[in-house]
Amino acid sequence: MLLFPIALAAQSKPSGNSRIVPVRTGTDLASFASPDGRFIAIILMGQTWLVPSTGGTARALTDVISEPRVDVALAWAPDGRRLSVLSNTTMFGPRTALDVVDVETGTSMRVASAPNIVSAMWSHDGSRLLVSLFEEDSISLTAYRPVPNARGERLSRLPGAPVSLRRSATGEMAYATVDGRRTLGSLGGLREYLTASGQVRPLSSDSITASLPAYSPDGELVAFIAEASGEREVWVRSLRTGAERPVTSGVDEIYLAPVSWLSPSRVLFTAHGQLQVASLDRSVIDTIPFVANVPVTRAENLRALRLPTPGDRRKVQALVDPQLSPDGRTVVFAALGDLWCAPVDGGAVRRLTNSPIDERRPVWSPDGARIAYYATRENGGTQLRVLSLAHPDSSRAIPVDSSVAFARPRIVWSPDSRAIAFANGRLIQRLDLDDGATRTIAVSPVPYVEAVVAWSPQDSVAYIASRLTGSTLNPGGWQNVLWVVSSDSGVARTLDVPRERLSRAGISGQLRRVAYNYRDIGHHALLADTTTANRIADPSPRSFSWSADGSRLLYSSNGRLRLLEVHRGRAQDVRIDLDYRVSPAPRPIQIRNVRIIDGTGRQRSAPSDVLIANGRIRSMSLTGRRPVAPDVDVIDGTGLTLLPGLIDSHVHSFGWSGFASSVYFGVLAARDPGDVTEWLRSQRERAAAGLSLAPRLFYAGRVMDDWGQPFADGRFVDVRSAERVDEAVGSIAADEADFIKPYFWDPVQDAHVIDAAHRRGIRVGSHFSLLSSLARGLDYKEHATTYSLDWTSTYQDDLIATLRAANTCVVPTLQLYATSRGQTSTVVPHDPSIFADTLLAELYRPRDLALARALAQANMTEAMRALWMPRERRDYESMRRLAAAGVRVTIGTDATETSGPWRDMGVHLEMERFVRGVGMTPLEAIRAATLIAAQCLGVDGDLGSVEVGKVADLLLVEGDPSSEIRDTRRIRSVILGGAVWERAEILAAIRGERP
């Protein structure tokens, strides 16, 4: 029996670094009037509160802080003394739960838990709760008695796909249908299900889209939210005559939340974050004021991130794509952008390549004589190369189509070592190494081919393909399937392998053994044995590879390389002694007669001199105040502006090596919220050693998820148990991650990660901003979206005040929504001159820019603009409110390797949006992209502003960005760690010439 008192968290006294935040408006506010009209139950920040209908202080009825969850729907019992609460529960149980709260005593009991609850209503006498449940492609109605852990009694199946069910006093049910043609999927048409006859009749006309119906107390009317001619209003319909009409007119920001009746003539709804009441005669609209006291904790003792010291000697930590040789005696791996090999039992490390381009994904040939690998240039061009272990200096490129080379990069060798197989889209292809001919072996019957994993001695190629499972109403997630196709005949079959064994898996070449990581626990087993598996004791194992006979298994775990003797069950460290030297500081330089925008928000300075030595700013003074020091290189800054290097606070690398183009656009630091950890660490080490030109990389590494992402490339940590959270966070911390990024479907799951990360002093960035996260001091809110019922909602007092109290940084990625929805920036149709921008014109070929321009004009139609411009305006208004309240808002693009010209130009376009859309001054936008970004990362002691003692990561630009934000694009040269790079030099690095 689950019966417990609700902790009234919002009424409690804060302790330590907690504080109470008064909240008077709600971003995702939903309201539910009691049957007698005396009280209003509200959902504010995912928590249920009680407010007198005359207004006043809200009292918390549920506690989503100590019991992390998010309340999503409420229903009053007819007696007005009980309230059913439907919520998404914690990450460790069902996705939804149904509780009943005694409003007077504040006690709660769990009535039902199920992963498929849609909504709940009370019977007219209050003796039962009528719960709608997903069942395949329909919805059933099940009755529960309001007692702990009740057993459900199925009543009927409802036609179609109803949502937002509401019940009348006589038993009829009103609901909305889903209109898949509209962006607001829950807005379609209203229908009424007559329980006596089983018939369905319309409750709204075809000329409007409607949702969230509510019967009046006398059963004569139904109120609902509807859109007609693009305007959202509250409507009522007479059930007797069928007449319908709006009862509001021109009310700003009516929220897509349930309406209810305060009396037979007054309808309660939410708009502009407030409780609103409309009279049926449209004579008056009243506001019911309330205040909710929300506890928020500000994270303390978060660790500062340190930059490498010039000239230091460091041990290589990132061993990328380690692969065990067929005889199990040698490991080949990528490090510092090159390939290396070493004996597994200790010994000298042997360098195999020494190239200015990034090399990775080595794969042994079955005879152990050759290695195939990928080499990627800074401009994204990729080659497939093969080298002989006997003569590594004579590696050769295999002529393949560039689209093939960039296809799923995991490859396998044929048993005779004369061909390789790989996935290219849905195609499984074979490449003969002798003549370079490529042919298709098979076409995958499912759309997503994750990787080719083995080529057996029986000449069959095995690959893993992933597909979404479940019904239309209730998708079940990803399912991995192992396919085996004959290399000669192309005949395909599936192997009966449990899907969990294909999650982040390594399969031996003979298709005999498999190692896999399921829910962040490692196992190994015979592929054909579906009943037994051996657990790998080391935490979070990944990057599996087998010896040819399956007796040895190599894998990575918490920054260590481990070798398991399978039959003996004993694992040992594989020690790789490899180090590098951080690039020494360049010669001192002095920039004379330059104006400075220092990133703090202060006005541009008078002409000044800046001395840089040992990679840091040593002095700053007005021009002429100090003589030029001896042995110093002088740069004439006349007519130029010096400003801090830009920071992209949300950008995905996804294995793309074109970091030099980031530097070309002045992006000198980047925060990557999710990619393969070892590869990101390797890129950071490579740049620190001076082997590539790249911004300073700060990464989350592997992303934490709870829904079984299918990818086998090590980008995700699958965590679904309470015991595993702290261990998984510890594993990511062992990879020296700079912050942690949870990526859960259910936002309340963030709370567990935040607690575990903050105990280690590590920051957390999340998509969600509910009370369960913010009360714990969430560090980063990713994206402007609120993940609410209503995608058009604007940030209100609840989010603004709690984000500020928690000191959370917001990275709105405004540019993302312009690029992804319209395939290119909405700035482009207004400003075609962007395609003639000097930075773009020098970096990209004319035909690439012409194609980008054509796509922009083709995709950003008037219909597209009409759909997304309101969302854009709301985002601008939200960010305007956040900035005015002192919330830290910074610049991020969410760009990926497929973003083309907008990947790095996006930082400049985002700043332009901050100025022209949000209304910031150019100095404020620059501060958001520099000092604020550095503060959020915890590197403001070194980066983010032009100040004495800080690292010299700087831009020299023409013009005055303090008056024209577009002048940030007029980059003359870049200074990275005190080293000066002219634009021509950066372009040379992009073409693959080692700096």
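In this structure, which is a predicted model, V514 stands opposite A525 in strand β48. The strands around this pair are β47, residues 513-518, and β48, residues 521-526, which run antiparallel and are joined by six bridges. Both belong to an open sheet of four strands, ordered β46-β47-β48-β49 with antiparallel pairing. The edges of that sheet are β46 (506-507) and β49 (534-536), each of which pairs on one side only.

The chain as a whole can now be set around this sheet. It holds 16 helices and 72 strands, and of its 995 residues 60% count as buried. Among the contacts with a separation of 6 or more, 55% are made by residues 24 or more positions apart. The accessible surface of the chain comes to about 37,000 Å², and carbon and sulfur atoms account for 49% of that area.

A contact between residues far apart in sequence can be followed at P457, which is found in the loop between β42 (448-455) and β43 (460-470). Although P457 and Q510 are 53 residues apart in sequence, their C-alpha atoms lie 6.4 Å apart in space. Leaving aside its neighbours within four places in sequence, P457 is in contact with P415, G509 and Q510, and with a relative accessibility of 53% P457 counts as exposed.

A second antiparallel pair is made by β71 (residues 971-976) and β72 (residues 979-982), which four bridges join. L976 has A979 of β72 as its bridge partner. In this hairpin two residues lie between the strands, and G977 takes a positive phi near 65°. Positive phi values also occur at residues other than glycine: R361, placed in strand β34 (residues 358-364), has a phi of about 60°, while H783 has a phi near 75°. H783 is found in the loop between β67 (780-782) and α7 (797-806), and with a relative accessible area of 4% this histidine is buried.

Turning to the helices, α14 (residues 922-929) has six of its eight residues buried, so this helix is largely enclosed by the rest of the structure. The buried residues in α14 are P922, L923, A925, I926, A928 and A929. In helix α4, which spans residues 722-734, S731 offers a polar example. Its relative accessibility of 1% is under the 20% limit, and S731 therefore counts as buried. The side chain of S731 makes a polar contact with that of S540 at 3.3 Å, and, not counting residues up to four places away in sequence, S731 touches S540, N558 and R702.

Which charged side chains meet in salt bridges? A search of the whole structure finds 53 salt bridges, one of which joins the side chains of D71 and R69 at 3.0 Å, N to O. Both partners are buried, D71 having a relative accessible area of 2% and R69 a relative accessibility of 3%. Another salt bridge joins the side chains of R681 and E736 at 3.4 Å, N to O. R681 lies in helix α3 (residues 677-688) and E736 in the loop between α4 and β65 (739-740), so this pair ties together parts that are 55 residues apart in sequence. R681 counts as buried at 6% relative accessibility, whereas E736, at 41%, counts as partly exposed.

In the salt bridge of E872 with R913, the closest N and O atoms are 2.5 Å apart. This pair links distant parts of the chain, with E872 in helix α12 (residues 862-884) and R913 in helix α13 (residues 902-918), 41 residues apart. E872 counts as buried at 13% relative accessibility, and R913 is buried with a relative accessible area of 3%. Elsewhere, salt bridges link D837, E912, R916, E964, R966 and R969 in a network.

R888, in strand β69 (residues 888-889), is buried yet has no salt bridge, and the nearest side chain of opposite charge, D779, is 6.6 Å away. What does the side chain of R888 reach at 2.8 Å? At that distance lies the backbone oxygen of N807. Apart from neighbours within four places in sequence, the contacts of R888 are with N807, T808, C809, V810, I932, Q935 and C936.

Definitions and conventions. Residues numbered from 1 in each chain as written. Predicted model: local features only at pLDDT ≥ 70, side-chain atom pairs only at ≥ 80, totals over all residues. Heavy atoms only, no water. Buried < 20%, exposed > 50% of the residue type's maximum accessible area, 1.4 Å probe, protein only. Contact = heavy atoms within 4.5 Å. Areas by Shrake-Rupley, 256 points an atom, 1.4 Å probe, with all protein chains shown as cover. Polar contact = N/O pair within 3.5 Å; in protein donor to acceptor, adjacent residues only side chain to side chain. Lys, Arg positive; Asp, Glu negative; His and termini not counted. Salt bridge = Lys/Arg side-chain N within 4 Å of Asp/Glu carboxyl O. Pairing = 2+ DSSP bridges.
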